[in-house]
Amino acid sequence: MTSRTGSRTGLQAPPPPVLDRCRELVEPALRTAVRTLHPWPRRMASFSLGWCDADGLPVGPGNSGGKGVRQALAVLGAEAVDAPGDAAVAGAVAVELVHTFSLVHDDIMDGDERRRHQESTWKAFGTGPAVLAGDSLFALAVETLAGAGGESGAEAVRHLSAALRELVHGQADDLLFENRPWTGPQAVDIPAYRAMALRKTGSLLGCAMAVGPVLAGASPLLSGALTEAGRQLGAAFQAVDDLLGIWGDPESTGKPVHNDLRRRKKTLPVLAALASDTTAGRRLALLLDSDAPLDTADAYCAAELVEEAGGRAFTMAEARRHVAAAHDCLDSVPLVPRAVGELRSLSEFLIDRQL
């Protein structure tokens, strides 16, 4: 059953306990790392991580930003190759810092004024200071991982650098998509979108799952399988994010309903609807091709047309396909069953986030 906004009624399953377990393991090291920054970017970084408000006053634990998914993937990746979870802490900290850096800069590029129920960092502090905060987070991430030492630490830095290069590639494609038409030979097609999502979102989740095993000295066979599993989970995560960008409950997302439609963002549900060769898809194309901004009624109409043309169902099926592919990667190599079970539980939670 859906409401007029498209959100589901009923309660979402609670987050799996592994998120809290891994956060408790990683967060002390994360806070220690952030404390080494200059006081000004340190305050902005702490704000971006959800630890304080814009004035630097601490927030309650229930208000802190983020679920710690990438931290958990790093710890579970290490445990999956029969290493202790704390072997992944430096990697988990580095990945979380890069993730936060990418969100700070992404909000600047997209002009998003809200993030996790508060102002985005650039909106709260200004564009220039937010760029500085993002740069500080990235530099700290590399320093943290390099500090792990030894050949394993060097290899982990190479993994992180490769993931960042892929992330930037995907972000560049995503920004360029904005200038391409909705229909015709220059339009963004679904294969191009999939490649972008694997880079923009999949790369860092792939790195998260592999960085713990790399630091623990696991074989390339195991770390490679975990990298690909993480990339597939990242693509699934992006697909669900695209659904949330249209139909997400503002109380859960911290952003207005139909936010991505108002911005005319080329997301998977919209692209699938436009490719459907249906009456609804053609009506959607006419609406989006108009130069007039989408008001509330137009955005609601567009969301209805996307759903009628099958874009919502297609995107959810896409998310589940990527999760199944991730599970196949986990099953393709010998890993610790308990850790694999927790990874499966976490992946199901990621695609069942509240709409």
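The legends below describe close-up views of a predicted model.

**View 1. Helix H3, residues 69-80, and the helices around it.**
The twelve residues of H3 should span 16 Å at 1.5 Å a residue, and the end C-alpha atoms of H3 are indeed 16 Å apart. Twelve of the twelve residues are buried, so H3 is largely enclosed by the rest of the structure. Among the buried residues are Val-69, Leu-73 and Leu-76, and also Arg-70, Gln-71 and Glu-79. The cover over the buried residues of H3 includes helix H1 (17-34), helix H4 (89-110), helix H8 (190-215), helix H9 (220-247) and helix H16 (337-351).

**View 2. Asp-82, in the loop between H3 and H4.**
Asp-82 comes just after H3. This residue has a positive phi of about 70° although it is not a glycine. With a relative accessibility of 66%, Asp-82 counts as exposed, because it is above the 50% limit for that class.

**View 3. Asp-277, in the loop between H12 and H13.**
Asp-277 is a residue other than glycine with a positive phi, near 55°. Its relative accessibility is 63%, and Asp-277 therefore counts as exposed.

**View 4. The crossing of helices H1 and H16.**
The axes of H1 and H16 come within 9 Å and cross at roughly 110°. The two helices are therefore roughly perpendicular to each other. On the H1 side, Val-18, Leu-19 and Arg-21 take part in the contact; on the H16 side, they meet Arg-338, Glu-342, Leu-346 and Phe-349. By class, this contact of H1 with H16 has four nonpolar, no polar and three charged residues.

**View 5. A network of salt bridges that links Arg-21, Glu-79, Arg-338 and Glu-342.**
Within the network, the side chains of Glu-342 and Arg-338 meet in a salt bridge, with N to O at 2.8 Å. Both residues lie in helix H16, four residues apart, about one turn of the helix. An α-helix has 3.6 residues a turn, so residues three or four places apart point the same way. Arg-338 has a relative accessible area of 47% and is partly exposed. Glu-79, another member of the network, is one of the buried residues of H3.

**View 6. The salt bridge between Arg-194 and Glu-318.**
The structure holds 24 salt bridges. In the one shown here, the side chains of Arg-194 and Glu-318 meet at 2.6 Å, N to O. The pair links distant parts of the chain, with Arg-194 in helix H8 and Glu-318 in helix H15 (residues 311-331), 124 residues apart. Arg-194 counts as partly exposed at 30% relative accessibility, whereas Glu-318 counts as buried at 4%.

**View 7. The salt bridge between Arg-263 and Asp-110.**
The closest N and O atoms of Arg-263 and Asp-110 are 3.7 Å apart. This pair also links distant parts of the chain: Arg-263 lies in the loop between helix H11 (259-262) and helix H12 (268-274), and Asp-110 lies in helix H4, 153 residues apart. Arg-263 is partly exposed, at 28% relative accessibility. Asp-110, with a relative accessible area of 14%, is buried.

**View 8. Helix H7, residues 150-177.**
The 28 residues of H7 should span 40 Å at 1.5 Å a residue, and the end C-alpha atoms are 41 Å apart, which agrees. The buried residues of H7 include Ala-156, Leu-160, Ala-163, Leu-167 and Phe-177, together with Glu-166, Gln-171 and Asp-174. The partners against which the buried residues pack are H4, helix H6 (127-146), H8 and H9.

**View 9. Ser-347 in helix H16.**
Ser-347 counts as buried, at 1% relative accessibility. Leaving aside its neighbours within four places in sequence, Ser-347 is in contact with Leu-233, Val-323 and His-327.

**View 10. Ser-290, in the loop between helix H13 (279-289) and helix H14 (296-308).**
At 32% relative accessibility, Ser-290 counts as partly exposed. The C-alpha atoms of Ser-290 and Gly-149 are separated by 56 Å, and the two residues are 141 residues apart along the chain.

Methods:
Residues are numbered from 1 along each chain as its sequence is written. This is a predicted model: local features need pLDDT of at least 70, side-chain atom pairs count only at pLDDT 80 or more; totals for chains, interfaces and linings use all residues. Side-chain values use heavy atoms; hydrogens and water are left out. The expected span of a helix is 1.5 Å times one less than its number of residues. Buried means under 20% relative accessible area, exposed over 50%, partly exposed in between (1.4 Å probe, protein chains only). Contact means heavy atoms within 4.5 Å. A salt bridge is a side-chain nitrogen of Lys or Arg within 4 Å of a carboxyl oxygen of Asp or Glu. Axes are lines fitted to C-alpha atoms, for helices over the stretch in contact, and angles run from 0 to 180 degrees between N-to-C directions. Angles under 35 degrees count as roughly parallel, over 145 as roughly antiparallel, 65 to 115 as roughly perpendicular and the rest as oblique. Ala, Val, Leu, Ile, Met, Phe, Trp, Tyr, Cys and Pro count as nonpolar, Asp, Glu, Lys and Arg as charged, and the others, Gly among them, as polar.
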